[in-house]
Amino acid sequence: MTELNRLKNQHLLWRAAFGPTAGESDSLDDINPKKTWKKLLESSTDTPATINVVAGSFDDMLMGAKDMDGIKNLTGDQKKAIRQESVEDLKQLNLKWLDAMVSSDAQLREKMSLFWHGHFACRIINIYFQQQLLDIIRTNALENFGDLLKAISKYPAMLQFLNNQQNRKQHPNENFAREVMELFTLGRGNYTEEDVKEAARAFTGWSFDLTGQYVFRPRQHDDGIKTFLGETGAFTGDDIIAILLKQQQTANFITKKIYRFFVNDTPDDIHIEWLAARFYASNYDIKKLLEDIFTSDWFYDEKNVGTQIKSPIVLLVGIRRFLPMQLDNEASQLLIQHLLGQVLFYPPNVAGWPGGKSWIDSSTLMLRLRLPQIITANEAIDMLPKTDDDAMMGRSFDEEKTFRQNQAFATKLGSGAVDWDSVIKIFKHTATDDLLPTIRAALFQTKSHVNDGLIKKYCNITTREMYIETAVVELMSTPEYQLC
């Protein structure tokens, strides 16, 4: 196999997944890009197991309330306990999903789930509703966008986050209707304020109960005639979603976001137009759209290779996949996410994480470059997370208390016990003089411009094993490794 084809295979693994494991990086020579795509797709066909972290006492307390009247009758201490337990369980949900990204064979599904997690951004502390939302995203990540949109629009996490329980006949709340159009389907500028008002009327009565079940409340629904995107009728919320899916602009908007996530932050209008037309014609088949992307020749063009900045989650998961490790303190990953600006289940706002160059500033860049040493060599983090004053997320504290908590957390970072034998085994047939370029090829998608002499300067050449270990860490600590 030519070096070009090997790079194509490696590039596909990076973009469609979180990067190869140590073992996978040694098995790319006998497959071509289309076979790599097929392998990634086949490994993601099974429905993922639900990630369930709800603690027993919390479950008993909340379910014991049974309904909203029951919640109102809980004491202040009981409500506080439910809130605190939910916040702790959200942390566990974060870590368990992160582990799934690292260890699952269904890399394509998990990577696409991360995309939808940002697209359908939702920031609430109800652990039941967040678990439901994650489950529906992971289950439908590679299926049909229309089905995914319909399901998420009726899940309590999104209805609560976008205030649709306050959307009632004669007193419509426009938040849910506006975001469904602006963020989930059409994009800003492709609808009018009158469309928002009419859609909000159609979504009146959409609500949920404490068990996480969608509930339609007919008394709260406006069943009058509405005009939306040029169509007129006694529309319901389901009708509005159906009309949105009829719009070619919905396919254009989703395709452009997926293109920017997997290919290049700078959209190519010609490629996006072709992809969107096929996506629309397939009735929003997500797998077909991804296949069109990953098997196109332009996907491997130099302008699309190594041009994107890895998100904090992609960076962290990629390091852990290549370096199998046992972390002393798994919760330290929450601190890393917070410091780097991407905490799962805590998007900055309803629009999700902006991505691209927003991942980098003077402080995050230095931490990103040091992250491999921090994890593998037990180095200290001398940064503290910024205060988050979002009271809705249960993280509004006085400044001094926040500082003490973050400082205590930082001292517990710990390290990762790396299974270096698995990594060293990859290069057992590599001549010593070829080790550095071979390791670089395994870690980077593109031909690197890293100065080999500079890297060698910081490597431990006492033994072959130490040379490999230090070369891996040093290469992971370069700006080139930050790109995908």
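**Exercise 1.** Is Gly 230 buried or exposed?

*Solution.* Start with the numbering and the model: residues count from 1 along each chain as its sequence is written. This is a predicted model, where local features need pLDDT of at least 70, side-chain atom pairs count only at pLDDT 80 or more, and totals for chains, interfaces and linings use all residues.

Next, apply the classes: buried is under 20% relative accessible area, exposed over 50%, partly exposed in between (1.4 Å probe, protein chains only). Gly 230 has a relative accessible area of 73%, so Gly 230 is exposed. Then locate the residue. Gly 230 lies in the loop between strand S3 (226-228) and strand S4 (231-233). Helices (H or I, at least four residues) and strands (E, at least two) are DSSP runs, numbered from the N terminus. Finally, take a distance. Ile 243 is 13 residues from Gly 230 along the chain, and their C-alpha atoms are separated by 9.8 Å.

**Exercise 2.** Describe the setting of Thr 250 and test the length of its helix.

*Solution.* Thr 250 sits in helix H13 (residues 248-262). Its relative accessibility is 0%, so Thr 250 counts as buried. Now list its contacts (heavy atoms within 4.5 Å). Beyond neighbours within four places in sequence, Thr 250 touches Phe 145, Thr 185, Leu 186, Leu 244 and Tyr 284.

Other buried residues of H13 include Ala 251, Phe 253, Ile 254, Ile 258 and Phe 262. An α-helix has 3.6 residues a turn, so residues three or four places apart point the same way.

For the length, the expected span is 1.5 Å times one less than the number of residues. The 15 residues of H13 should therefore span 21 Å, and the end C-alpha atoms are 21 Å apart, which agrees.

**Exercise 3.** Work out how H5 packs on H17.

*Solution.* Fit the axes: lines through C-alpha atoms, for helices over the stretch in contact, with angles from 0 to 180 degrees between N-to-C directions. The axes of H5 (residues 76-103) and H17 (residues 332-340) come within 10 Å and cross at roughly 90 degrees. That makes the two helices roughly perpendicular, a class covering 65 to 115 degrees. H5 contributes Lys 91, Asn 94, Leu 95 and Leu 98, while H17 contributes Gln 333, Leu 334 and Gln 337. By class, the contact has three nonpolar, three polar and one charged residues. Here Leu counts as nonpolar, Lys as charged, and Asn and Gln fall among the others, as polar.

**Exercise 4.** Summarise the whole chain.

*Solution.* Count the elements: 23 helices and six strands. Then burial: of the 484 residues, 54% count as buried. Last, range: among contacts with a separation of 6 or more, 73% join residues 24 or more positions apart.

How values were computed. Side-chain values use heavy atoms; hydrogens and water are left out. Angles under 35 degrees count as roughly parallel, over 145 as roughly antiparallel, 65 to 115 as roughly perpendicular and the rest as oblique.
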